[in-house]
Amino acid sequence: MNYMDEFRDREVVRGLAARIGELAAGREQPLTFMEVCGTHTMAIYQYGLRSLLPPQVRLISGPGCPVCVTPNGYLDRAVTMARLPGTTIATFGDMMRVPGSSSSLMEERARGADIRVVYSPLDAVALAAREPERRVVFLGVGFETTAPAVAGSILAAREKVLANYFVLAAHKTIPIPMEVLSADPELGIDGYLCPAHVSAVIGADAYRRLAEERGVPCVVTGFEPADVMQGVAMLVRQAVAGESRVEIQYRRVVKPEGNRRAQEVLAEVFTPCDAAWRGIGVIPGSGLAIREEYAAFDAEKAFPVEVEAPREHPECRCGEILRGKVSPFDCPLFAMVCTPESPVGACMVSSEGTCAAAYKYGR
Amino acid sequence: MRVVSIDGTDAMAEIDGVRRAASLMVLDEEVRVGDYVIVHAGFAIARLDEAEAEETLRLMREAFSEEDMA
């Protein structure tokens, strides 16, 4: 088994779709399930899974794309730092074309800034070690799947006694925002498809409060098409039975307690803080800040910069899309003005963005 | 990705013929060559459990077995 093909089997997917139809049959009120993982967003669009669901089951996308939920101010700060002499910005590829208030990293690079795309923050650490005369700032964007890697890079930099490696941290955590959205009566969330790899780190137990105290069914789901369909079937079964528990569909990877070592590394380097989410606003305790002990690696503390007041595009509906209120097809700019080649908002640029998925794969 | 070699806390993993370095620094369990791991941004964050994968497939196929629909 290669852990992929088997979970993409058409027969299996169709069989699960039939099962969902059976479970939801006779249900008058439609069920609304939200996913909060960019990879789920992409998989659902890519495999056209919505078209396999009965009309009683509705899947909506939430704020699952970490690049998309990072407000313009962060990009603007990165752009400002990129303009400082002797500074190298190291970043995941996704951030390059995201539009800030007036520029993007791609545009800055065209103007001569030293900006390098890396696959891993460890590449940025190696870069800092190789070029001690440069100040290397890694853009730390991502949820709990990525944050341990960035924490690991700070530990590696400390071990190498590097004085020129910094992280501009904008990491966010997903369970608290899920609770915030579950309280929105307009959204009417009947259950969550919980993220696959975030949960591998934080553990399925992280959603227990959501399920047990807020009555929202939670199923931790993988992102192959058969996984998503099975996850939806499990949610429908719970909803119809009036249950609200945490279940693990993605049992081949996710444990109830998660990855304790990754959690330790996270807690060693980061501490919870308030964070601003595009489209939602500030959510207390939903971000990760670099702890005081590691302040030497914190770009914001090491060299604070003056940044222009951030401006968002007035017609961009990224914010509502991220909150699950509106679909990309409802945005007046979608595919007309805002395309992957000339994106107006982050949701179109990011490889995990809802608009990018909708554009690429259609309805 | 499949682990093809291990050197202390570093491993080389492969998928579709592409090889990538994967740090084992934040992994919570021992892995061996031949194991499958989830790699994110150059770090292995979880190991794939083959027995659980088989069980998942069994449950998925059962979803539309004749017995089940009776």
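Q: Two strands count as paired if DSSP finds at least two bridges between them. With that in mind, how many bridges join strand 1 of chain A to strand 2 of chain A?

A: In this predicted model, five bridges join the two strands, which run parallel. Two would be enough, so strands 1 and 2 of chain A count as a pair. One of the matches is T32(A), whose bridge partner in strand 2 of chain A is R58(A).

Q: What makes strand 1 of chain A "mostly covered"?

A: Five of the five residues in this strand (31–35) are buried. On one side you have L31(A), F33(A) and E35(A), on the other T32(A) and M34(A), and both faces are covered. The two-sided split is no surprise, because side chains in a regular strand alternate between the two faces of the sheet.

Q: Which strands are the edges of the sheet with the order 2-1-7-8-9 in chain A?

A: Strand 2 (57–61) and strand 9 of chain A are the edges, since each pairs on one side only. The sheet is open, with five strands and parallel pairing. Its twist averages 25° from one strand to the next.

Q: How do you know that strand 8 and strand 9 of chain A are paired?

A: Three bridges join them, and they run parallel. The cut-off is at least two, so the pair qualifies. Look for V220(A), which stands opposite I248(A) in strand 9 of chain A.

Q: What about the sheet with the order 4-3-5-6 in chain A: which strands are its edges?

A: Here strand 4 (114–117) and strand 6 of chain A pair on one side only, which makes them the edge strands. This is an open sheet of four strands with parallel pairing, and its neighbouring strands are turned by 25° against each other on average, direction ignored. Inside it, four bridges join strand 3 (87–91) to strand 5 (135–140) of chain A, with T87(A) opposite R135(A).

Q: Why is the pair F166(A) and F303(A) called edge-to-face?

A: The ring centres are 5.2 Å apart and the planes meet at 85°. A pair needs centres within 6.5 Å, and planes over 60 degrees apart count as edge-to-face, so the name fits. F166(A) sits in strand 6 (165–169) and F303(A) in the loop between helix 13 and helix 14 of chain A, so this pair ties together parts 137 residues apart in sequence. F166(A) and F303(A) are both buried. R135(A) also joins in: it lies over the face of F303(A), at 4.0 Å from the ring centre.

Q: What makes the pair F223(A) and Y250(A) tilted?

A: Their planes are at 40° with centres 6.5 Å apart. Stacked needs under 30 degrees and edge-to-face over 60, so an angle between those is tilted. F223(A) is in the loop between strand 8 and helix 11, and Y250(A) in the loop between strand 9 and helix 12 of chain A, so the link spans 27 residues in sequence. Y250(A), at 5% relative accessibility, is buried.

Q: How do you know which category K255(A) belongs to: buried, partly exposed or exposed?

A: Its relative accessible area is 27%. Buried is under 20% and exposed is over 50%, so K255(A) is partly exposed. You'll find K255(A) in the loop between strand 9 and helix 12 of chain A.

Q: How do you know that the buried residues of helix 1 of chain B line one face?

A: They are A53(B), T56(B), L57(B) and M60(B). Seen down the axis, they fall within an arc of 100°, so they line one face of the helix. That goes with the general rule: an α-helix has 3.6 residues a turn, so residues three or four places apart point the same way. The length checks out too, because 13 residues should span 18 Å and the end C-alpha atoms are 18 Å apart.

Q: What is notable about phi of D16(B) and of A41(B)?

A: Phi is near 50° in D16(B), and near 50° in A41(B) as well. Both values are positive in a residue other than glycine, whereas most such residues have a negative phi. D16(B) is in the loop between strand 2 and strand 3 of chain B, and at 69% relative accessibility it is exposed. A41(B) is in the loop between strand 4 and strand 5 of chain B, and at 9% it is buried.

Conventions: Residues numbered from 1 in each chain as written. Chains lettered and ligands numbered in written order. Predicted model: local features only at pLDDT ≥ 70, side-chain atom pairs only at ≥ 80, totals over all residues. Heavy atoms only, no water. Phe/Tyr/Trp six-rings, centres within 6.5 Å; stacked < 30°, edge-to-face > 60°. Buried < 20%, exposed > 50% of the residue type's maximum accessible area, 1.4 Å probe, protein only. Lys NZ or Arg CZ within 6 Å of the ring centre and 35° of its normal. Axes fitted to C-alpha atoms, helices over the stretch in contact; angles between N-to-C directions. Expected span 1.5 Å × (residues − 1). Arc of directions from axis to C-beta.
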